Amino acid sequence: MRDVELTLYAKAMRREPTEPEQRMWLALRAKRFEHVKFRRQKVIGRYIVDFAARDPMLVVEIDGDTHADREKQDAARTHFLERQGYRVMRFTNGDVMTNIDGVLTAIAALVRTPPLPTLSPEGERAL
């Protein structure tokens, strides 16, 4: 998809969130959660992520039933996002629907943990 198409698709997804996405958004929106500004259905490269924050660089994905047979695609997506500097957390629809407090606790723990220094392709610490 081209950038314009991705953006239009992301906007459409914002208008019709799944129930788990809606529940998560109510907890994350408007800097309510740990004073972090999250965006939903954010375009990053060729992907649309469920929730993304720039400070800290964090992506939260809620995987529905369609992700059951997509381990390889999800791993490639995660790898791309990590190369862009994001830490990626994945939760299932069931996690959000039955244990949103536990999901939010896990996200809060990561938000409060500084990221590890990145390594350059040569294996040296990047400045």
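# A tour of the predicted model

Start with the sheet. Four strands make up an open sheet of mixed pairing, in the order E1-E2-E3-E4. Its edge strands are E1 and E4, each of which pairs on one side only. From one strand to the next the twist averages 35°. Keep in mind throughout that this is a predicted model.

**Stop 1: E1 and E2.** Select residues 38-44 for E1 and 47-53 for E2. The two strands run antiparallel and are joined by 6 bridges. As a sample of the register, pick Lys42, which stands opposite Val49 in E2. Then move to the hairpin of these strands, with 2 residues between them, where Gly45 has a positive phi near 65°.

**Stop 2: Gln41.** Stay in strand E1 and select Gln41. Is Gln41 buried or exposed? Its relative accessibility is 3%, so Gln41 counts as buried, the cut-off being under 20%. Show the residues around it: leaving out those up to four places away in sequence, Gln41 touches Ala10, Met13, Arg14, Glu21, Ile48, Val49 and Asp50. Check the backbone as well, since Gln41 has a positive phi of about 50° although it is not a glycine. For background, most residues other than glycine have a negative phi.

**Stop 3: H1.** Select residues 3-15, which form helix H1. This helix lies across E1 and E2, and runs at about 150° to E1.

**Stop 4: H2.** Next select residues 19-28, helix H2, and colour its buried residues: Pro20, Glu21, Met24, Trp25 and Leu28. Viewed down the axis of H2, these buried residues fall within an arc of 130°, so they line one face of the helix. As a general point, an α-helix has 3.6 residues a turn, so residues three or four places apart point the same way. What do the buried residues of H2 pack against? They pack against strands E1, E2 and E3 (58-63), and against helix H4 (93-112).

Now step past the end of the helix. H2 is followed by Ala30, in the loop between H2 and E1. Phi of Ala30 is near 55°, a positive value in a residue other than glycine. With a relative accessible area of 61%, Ala30 is exposed, whereas Gln41, the positive-phi residue of stop 2, is buried at 3%.

**Stop 5: the nonpolar cores.** Which residues touch the most other members of the largest nonpolar core? Among its 19 residues, they are Met24, Phe33, Phe38, Phe51 and Ile107. Two or more residues each come from H2, E2, E3, strand E4 (87-92) and H4. H4 gives the largest share, 6 residues.

Centre the view on Met24, one of the buried residues of H2. Apart from its neighbours within four places in sequence, Met24 is in contact with Phe51, Ile62, Val96, Ile100, Val103, Leu104 and Ile107. A second core, separate from the one just viewed, has 9 residues, including Val49, Phe80, Tyr86 and Val88. Val49 has already appeared on this tour, as the residue opposite Lys42 and as one of the contacts of Gln41.

**Stop 6: E2 to E3.** Return to the sheet and select E2 with E3. These strands pair in the antiparallel sense over 3 bridges. Ala53 has Leu58 in E3 as its bridge partner. In the loop between E2 and E3, select Pro56. What is the omega of the peptide bond from Asp55 to Pro56? It is near 5°, and the bond is cis. In general, most peptide bonds are trans.

**Stop 7: after H4.** Finish with Pro115, in the segment after H4. Pro115 is exposed, with a relative accessible area of 54%, the cut-off for exposed being over 50%. Draw a distance from its C-alpha to that of Pro56: the two prolines are 59 residues apart in sequence, and their C-alpha atoms are 8.4 Å apart in space.

Notes: Residues are numbered from 1 along each chain as its sequence is written. This is a predicted model: local features need pLDDT of at least 70, side-chain atom pairs count only at pLDDT 80 or more; totals for chains, interfaces and linings use all residues. Side-chain values use heavy atoms; hydrogens and water are left out. Buried means under 20% relative accessible area, exposed over 50%, partly exposed in between (1.4 Å probe, protein chains only). The arc is that of the directions from the helix axis to the C-beta atoms. Contact means heavy atoms within 4.5 Å. A nonpolar core is a set of buried Ala, Val, Leu, Ile, Met, Phe, Trp, Tyr and Cys residues joined through side-chain atoms within 4.5 Å. Two strands pair if DSSP finds at least two bridges between them. Axes are lines fitted to C-alpha atoms, for helices over the stretch in contact, and angles run from 0 to 180 degrees between N-to-C directions.
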